[in-house]
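Colleague: Could you take a close look at the enclosed and open spaces in this complex, and at the packing around them? Please go through them in one connected account.

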Amino acid sequence: MTITSLGAPSALPARQVEELGLRESATFDRATIADIQRAAATGVYDIRGWGAKRKVPHFDDLLFLGASMSRYPLEGYREKCDTDVVLGDRYASKPLHLQTPVTIAGMSFGALSANAKEALGRGASEVGTSTTTGDGGMTPEERGQSKHLVYQYLPSRYGMNPDDLRKADAIEVVLGQGAKPGGGGMLLGQKITERVAGMRTLPVGIDQRSASRHPDWTGPDDLEIKIGELREITDWKTPIYVKIGASRPYYDTALAVKAGADVVVVDGMQGGTAATQQVFIENVGIPTLAAIPQAVQALQELGLHRKVQLIVSGGIRTGADVAKAMALGADAVAIGTAALIALGDNDPRYAAEYAAMGSAAGFYDDFQAGRDPAGITTQDPELSSRLDPIEGGRRLANYLRVLTMEAQTIARACGKSHLRNLEPEDLVALTIEASAMARVPLAGTSWIPGAK
Amino acid sequence: MVTLIETQTQDYPAATDELPALVDLADSPVRDLNQALHEALDGQSWTVENPGGKHSLAVGIDAGVSVTINGHAGYYAAGMHQKGEVTINGNAGVGLAENIMSGKVHVKGDASQSAAATGHGGLVVIDGNAGARCGISMKGVDIVVGGNIGHMSAFMAQAGRLVVCGDAGDALGDSIYEARIYVKGTVASLGADCIEKPMKAEHLEELAGLLAAAGRTDDPADFKRYGSARNLYHFSVHNSTSY
C-alpha cells in the first residue's frame, strides 16, 4: 500500500481546501477512495503486512487505579516487584521459566531476514525471555542465539522435522493468527530465495501458500490426539502451547485446554502479519481487549486459570499494555510488530527509500515485496546486511527492559509485589465499549455493561 | 528430498543375536513403548502385540530399528519417523507416518485419511486402500498404495512421489507443486493445476523402482503420470476462478 491510500494530504493545501469549502466524506474518505482506485486499476485486492490499522477499543481505553487510601502502594525503586513467569507446567516435565512475562511472538524466517531472527534471539535471551520460530522452520542462527526457543507447529509444516522438535524449549501448535483467523498465508515469490525455498521444499521464486488448517486433523478431538503424539515424540518434556486467532476465544480456549494444552496463546486482531489481504486484516477477528476476558472466563470455569497459562498478543506496545493484559488475567504477553520497530523497522533514516516506494517511515507495510530498507522483512542480501544482529539484539533487549520496568512501576503503584498479582480490580474503563469488552467498570462508576 | 536410492542404501549395523524385544500393549502403556524406542540402538528389533488401535504408536523413532506391530494402529502411527522400519500387520488410523523424514513404514492393511501427510522423505507402503487426503502437503516422501485412494489426495503436494495401483478419488493433486503422481486405475477428477503428463523412460524407470521397493509386481506401463501445470505458481487475478 502506498501512502496516498492511507489518507495522506490531497494535492491541495489544507488552507485552500478550507477556502473552497470542500468537505471530505466520512464514508468515502481519501483512504477509501484510494483503495477503490487501486482495486479498479489492478483487479487484485491489496496484500500487505503489519496488522490492523483501524482504531478499535484497546488498552488505551483502560486506566489503572493507583493505590492511595483503600490500597497500599509499594515504594518505587525500593520495594521489590518480581516479574518472572513459569509457562507450561501442567504436563511438561521441563516448563519454561522466564525472567519477564514479555515474550517474542512467532515470525518466520522467510518473512524476516536471518539477521532479524538472530537479533530477536539475542535480544530475548539477554533479558531471559523466549522467542518463537514461524512458518518456515528453525534456523541455526535463531536456535543458536535463543536461550528459550518456542517451535511453531503450523498447518503448512514447512521445515518441520523431529530433530528441531526435540531441540525446542516449547512447541506452539498454531491454529490461527490474530491478523487473519481462519486464513492462510501468501508469501510472494520475491522473498522465496534459494535458502527459504530449500527450507520449505518449494521451487525458488514462486508464491508460497500457507494452509489455513492442519492437514492431518479436523477438530478438537483430533487435536487432543495430535498433542499426544507431540508429547510422545518429546517424551513429555516439552510444554505444548496452542495459539488461536481471537474470534471465539471462550470456546477455542476451552477446547484447547480440553485438548491438553499447557499454555493457550490468544492473538487479537491488532496482531501483525507478514502479508495477507488487507480486507482480512481489518475485518476478521476481534480486538485483543475483547478477547482476554473471554479466554480468562473459560480458564476460570474449568478451574485452570493460572494452571494453564495464558499468553496474550496483538498490539502490545508499552509496559502499561503489558500490565493491563496481565491485570485482565494474562500470565504473559507476546510482541511482534513492536519488536520489529525496536529492531529498526520503519526507521526515519530510510525516509528517501520509503518515499521512492510510495510510502514513508511509519507507514511502510509492503513486507511481501521483500524490499524493506531496514533489512528486516526481506531476503535481499544487501538489504538484510543493513541490520546488525548484535546491535538489533541490544536495541530489542533495551526495549524489553523498558516494557518490564514500566509494568513494574504500575504494579508497585497498585501495591503488587509481583506482576502476576495485578487484577481486574486495578482497572477502570474510559469508554462504555471498553468497559463492556474488558469487563471492568466505567471510570467513576461501578457499572459494567452487560454484567450480571 | 530423500530419494528412493538413499532409502534403499541406508546401512545400519547388523541386528544383534538377541531375540526381538516384545511389548504387549495389553499390559504396558504406549508411553513405555515409545520411551524404549527412543532409547533403542541401531539394529534392534521390536515386536508389539495387542496394539488395539491405540494412538501414537512408535512415534519419533530416530534409530535404525525394526518394529513390527501385530494388529491395528490408531492415529499417527510411526509419526515423524526417521531411519528405521515399522511394519503394521493390520490397518492404520488417521495420519499414518505423519511428517516421516526417512526410513520405511509398511501397512499390510488399509490406512485412514491423511496418510503420510507432510512427509519429507522415506517410503510409506500401504498394501490396501488409503482414505482421503493421502499424501497431503507431501514434501519429499514416496508413497505406494496397493489399492485406491480417496479425494483431495496429494493436495498442495510439494515434492516426492505418490503411486496408486488402484483408483484415485476426486480433486487429485489439487494445487500440486513439484510432486509426481502415478495412477494405474481411474482418476475421478483432477484438482486445480494438476494435469496428466507423458510417461517418459525416466518415469517408467522411477516407477519401476518404487514398485519394487514396495514389493509389488505391477507393470509400470499400465500407469499414467500426473503433475503440476505450474499455472498457479504466481498469484494472478486472471486465475481467480481456479482457486
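**Cores, cavities and a pocket**

Modeller: The largest nonpolar core, meaning a set of buried Ala, Val, Leu, Ile, Met, Phe, Trp, Tyr and Cys residues joined through side-chain atoms within 4.5 Å, has 93 residues, and those with the most contacts inside it are Leu62(A), Ile104(A), Leu310(A), Leu328(A), Ile335(A), Leu343(A) and Leu396(A). Apart from it lies another core, of 50 residues, among them Leu37(B), Val67(B), Met138(B) and Cys194(B). Here buried means under 20% relative accessible area, exposed over 50% and partly exposed in between, with a 1.4 Å probe and protein chains only. Leaving aside residues up to four places away in sequence, Leu343(A) touches Ala116(A), Ala119(A), Leu120(A), Ile376(A), Leu387(A), Gly392(A), Arg395(A) and Leu396(A), a contact being heavy atoms within 4.5 Å.

This is a predicted model, in which local features need pLDDT of at least 70 and side-chain atom pairs count only at pLDDT 80 or more, whereas totals for chains, interfaces and linings use all residues. Residues are numbered from 1 along each chain as its sequence is written, chains are lettered from A and ligands numbered from 1 in the order in which they are written, and side-chain values use heavy atoms, with hydrogens and water left out. The predictor gives the complex an ipTM of 0.91 and a pTM of 0.93. Chain B averages a pLDDT (the predictor's confidence in each residue, from 0 to 100) of 92, and 92% of its residues score at least 70. Over residues 1–15 of chain B, however, the pLDDT is below 50, although this stretch has 32 contacts in the model beyond near neighbours in sequence. Where pLDDT is low, the predicted coordinates should not be read in detail.

As for the spaces, on a 1 Å grid over the protein atoms alone, a cavity is a set of points where a 1.4 Å probe fits but cannot get out, and a pocket is an open set with protein on both sides within 12 Å along at least five of seven lines, while lining residues have an atom within 4 Å of a point. Grid points are joined across faces, edges and corners, and a volume is the space filled by probe spheres set on the points. There are two cavities of 30 Å³ or more by this rule.

The largest cavity holds about 80 Å³ of space, and of the 14 residues that line it, Thr103(A), Ile104(A), Thr132(A), Glu172(A) and Ala334(A) are the closest to its centre. Strand 5 (102–104), strand 6 (130–132), strand 11 (240–245) and strand 14 (309–313) of chain A each supply at least two residues of this lining, strands being DSSP runs of E, at least two residues, numbered from the N terminus. Ile104(A) is thus named both in the largest core and among the residues closest to the centre of this cavity.

The second largest cavity, with about 50 Å³ of space, is lined by Pro155(A), Ser156(A), Tyr158(A), Arg209(A), Ser210(A), Ala211(A), Ser137(B), Lys139(B), Met156(B) and Gln158(B).

Arg209(A), Ser210(A) and Met156(B) return in the second largest pocket, where, together with Gly184(A) and Gly185(A), they lie nearest the centre among 27 lining residues. About 580 Å³ of space lies in this pocket, and strand 9 (185–187), strand 10 (208–210) and strand 13 (272–277) of chain A each supply at least two residues of its lining.

Technical notes. Helix = DSSP H or I, 4+ residues; strand = E, 2+ residues; numbered from the N terminus.
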